[in-house]
Structure formats: structure tokens, C-alpha cells
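Please find below a short briefing prepared for bench use. It covers sheets, helices and a bound ligand.

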Amino acid sequence: MGEGINDYTKNIVDLRRHMWMAGIELELRRLIWQIAVVGKYISAKIHESNRKLAGFKNVYGEEQLALDRVSDDILKNKLAHSGFVSHYASEELEDIVAIGKGNEQYIVTADPLDGSSLVDTNLAIGTIIGVHRKSIFDTGRNSMVAALYITYGPLITMIYSAGKGAHEFVLDREGEYVLSEENIRLKEKGSIFSPGGLRKDWTDPHLKFIDKLETDGYKLRYSGGFVPDINQVIIKRGGIFTYPALKKSPNGKLRLLFELQPMAYIVEQAGGRATDGKKDILNVQVTSVNQRSPIYIGSAAEVAMAEQYLSQ
Ligand code: AFP
């Protein structure tokens, strides 16, 4: 073996080693690891699917790919056999379901394949996971102990946080999640914005906020996939993603449990913020699994600016 390879092997920090070095509790480490492994299976299914539509509708009446269901099944089955998860709530299911024996300490929420309508365009898509202790019908601040998301793009990357910073891993050719960015920190202020919803449906204060960002020279970056759009804000170290209250849907589009809480958890751990315009996303009380909320998430300065506009 050449010296280069030895050096490479010696310096690698994989996901398991990282969590162990960070002092994350054993069961939570194992759970996060198992979910990361599911990401590999989901990515294999995405490749196998060859972008075929199944024409199903999910519980919210949205057209969905068979891929959503397949991803959901793989994840649910894996978690059911993990020994760590008592309940599972997913965007693909009507309600939270018991999958354990009842004495396990974690509840997992999932958007198993977010942005699946982008599969045919070959844009990046992702898996979003929240890990809760006790109950999900609480605030994320009280119940969440970890979150992660996986981005299926040209590379497969994973960012996790278990309350000790946010860290990025890249899936390498050997199938190992290798540390690529430790303790990601957003800048106070960024330079990109990612605005969801149609301009004609925006409220006046939101419109004024977006006008201000445009006037200030923020660059538009919106793919239509929550995972890659948030990932861009995080990896570029700042900026803002919004999916606001719309005139006809005051709670916006995105789901609190499956999409917003996990991303809010990670972004806060990276020094950013996430609010519904008035309240931190992690302080919003969850009362139903399909609850939606407006969101402003990213660097602190832009989120504060949004709050200022929305309060007028
Ligand atoms: P799909 O999973 O149906 O593709 O929806 C994706 C999503 O929930 C989220 O990933 C995007 O941020 C958001 O919808 C995009 O919504 P618009 O199409 O209204 O921009």
C-alpha cells in the first residue's frame, strides 16, 4: 500500500467515529447511523427508478412517485427493527404509527423523499429526519434531540446535528460517510435568497421584504426542492430561504414536523435562525402531524430583517 493511501485512511473521520468522538449517547449514535444507511438504500432506489411516475396520490392529495412510498417503507422497516424507535410519523402516512414495543426512547419524523416531483428533471432531492424524545406534540425545542438531512445530488451528502453543532459528511465510493465540514457556522449575513410561493399570492409585508433583498443585491437561488435550497444556504454559510404565508393559505405550504423543525434544529446549531415570522419554529407548539407553517430560515440578519418587515 502506498504512503498516500495510508495517510488518507489515517485521517478519515467517518460518521460513527465522529459521533463517538462528539460524545453522543450510544443509542442515538446507532439510530443516526442506521438512518444514514437507509439513505444509501434510498439513493439506490432513485437510480433504479429511472424516473418513472406511479401516479399515486399521497395523504395530502399530491401526486407522488412510487419512490416516495418505497423510501417510506424502507425507512419505517429499518426503524421498526432498530430497537430504538417507538413511533414513526411520516409525510407519506395519515398519522403517527407505533413501530416499536413501546419502551424505546425515540420517535422519528420523516419526509422520506422531499422534492420527489423534481426526480424527472434530475435536480437534487433529499430525505429529512427529526428525532424526538417523549412526544412530538410539544415544541421542537422541548422534544427534539437530533435532526439530519441527506441530499441526493451529484454527491450524496448528509448533515446531522445531535445538539453539538452541525456537521457535513460525504458518502464516498467505498460507501462510507466521511466528514467534510465540522461545526458549520453561518455568517451573520449572507448574499442569497430562496423565495417560495408565487409573487401574486404573497402578502404585502412579505413582498416588501423580498423587494428589499432584491434591491440590496441578494442573488436568487431557488430550485423547488427544500433540501437543496436549504443546503445551499448552509453550505454557502448564509442567506435566507422563505416559504411565507400566502393570501389564501396563511400557514404556507411546508410541514412543521417533517420539513421545518428538523431544518430549524440544524440551522440553529449552525448559528442561524428559523422563524414563522413571529415565533421561532422550534417554539411553535405542534398539535397535529400535518401542521403547516410559514418559514423564514437562514442567517440571523436576514431572519431579523424578515421579522421587522412582517411586524409592520
Ligand atoms: P414535492 O415533494 O411535492 O416536490 O414538494 C417539494 C416541496 O415540499 C419542498 O421541497 C419545496 O421547498 C416546495 O415544495 C416547493 O414548492 P413550490 O413548488 O410551490 O415552489
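The points below are grouped by topic.

The model is predicted. In it, 8 strands form an open sheet of mixed pairing, and 5 strands form another open sheet, also with mixed pairing. A ligand is surrounded by 13 residues.

**The eight-stranded sheet**

- The strand order in this sheet is S4-S3-S5-S6-S7-S8-S9-S10.
- Strand S4 (97–98) and strand S10 are the edge strands, and each of them pairs on one side only.
- At one edge, strand S3 (residues 85–90) pairs with S4 in the antiparallel sense over 2 bridges, and Tyr88 stands opposite Val97 of S4.
- Strand S9 (residues 167–171) and strand S10 (residues 177–181) are likewise antiparallel partners, joined over 4 bridges; here Leu171 stands opposite Tyr177 in S10.
- S9 and S10 make up a hairpin with 5 residues between the two strands. Gly175, located in the turn, has a positive phi of about 85°.

**Helices lying across the eight-stranded sheet**

- Helix H3 (residues 26–49) lies across seven named strands: S3, S5 (106–114), S6 (125–133), S7 (144–152), S8 (156–161), S9 and S10. The helix runs at about 20° to S7.
- Helix H4 (residues 66–80) lies across S3, S4, S5 and S6, and its angle to S5 is about 160°.

**The five-stranded sheet**

- The strands follow one another in the order S12-S11-S13-S15-S14.
- Strand S12 (219–220) and strand S14 (273–275) stand at the edges with a single partner strand each, so one side of each is left without a neighbour in the sheet.
- S14 pairs with strand S15 (residues 295–298) in the antiparallel sense, over 3 bridges. Within this pairing, Gly298 in S15 is the bridge partner of Arg273.
- Helix H7 (residues 226–235) lies across strand S11 (192–195), strand S13 (240–243) and S15. The helix runs at about 150° to S13.

**The ligand and its surroundings**

- Which residues are closest to the ligand? They are Asp114, Ser117, Tyr222, Phe226 and Tyr243, from a shell of 13 residues.
- The shell divides into 5 nonpolar, 5 polar and 3 charged residues.
- Tyr222 places a polar side-chain atom 2.5 Å from an oxygen atom of the ligand.
- Phe226 approaches through its backbone: a polar backbone atom of this residue is 2.8 Å from an oxygen atom of the ligand.
- Lys253 has a polar side-chain atom at 2.9 Å from an oxygen atom of the ligand.
- Taken alone, the ligand exposes 480 Å², and the protein buries 79% of that area.

Notes
Residues numbered from 1 in each chain as written. Predicted model: local features only at pLDDT ≥ 70, side-chain atom pairs only at ≥ 80, totals over all residues. Heavy atoms only, no water. Pairing = 2+ DSSP bridges. Contact = heavy atoms within 4.5 Å. Axes fitted to C-alpha atoms, helices over the stretch in contact; angles between N-to-C directions. Near = heavy atom within 4 Å. Polar contact = N/O pair within 3.5 Å; in protein donor to acceptor, adjacent residues only side chain to side chain. Areas by Shrake-Rupley, 256 points an atom, 1.4 Å probe, with all protein chains shown as cover. Nonpolar A, V, L, I, M, F, W, Y, C, P; charged D, E, K, R; others polar.
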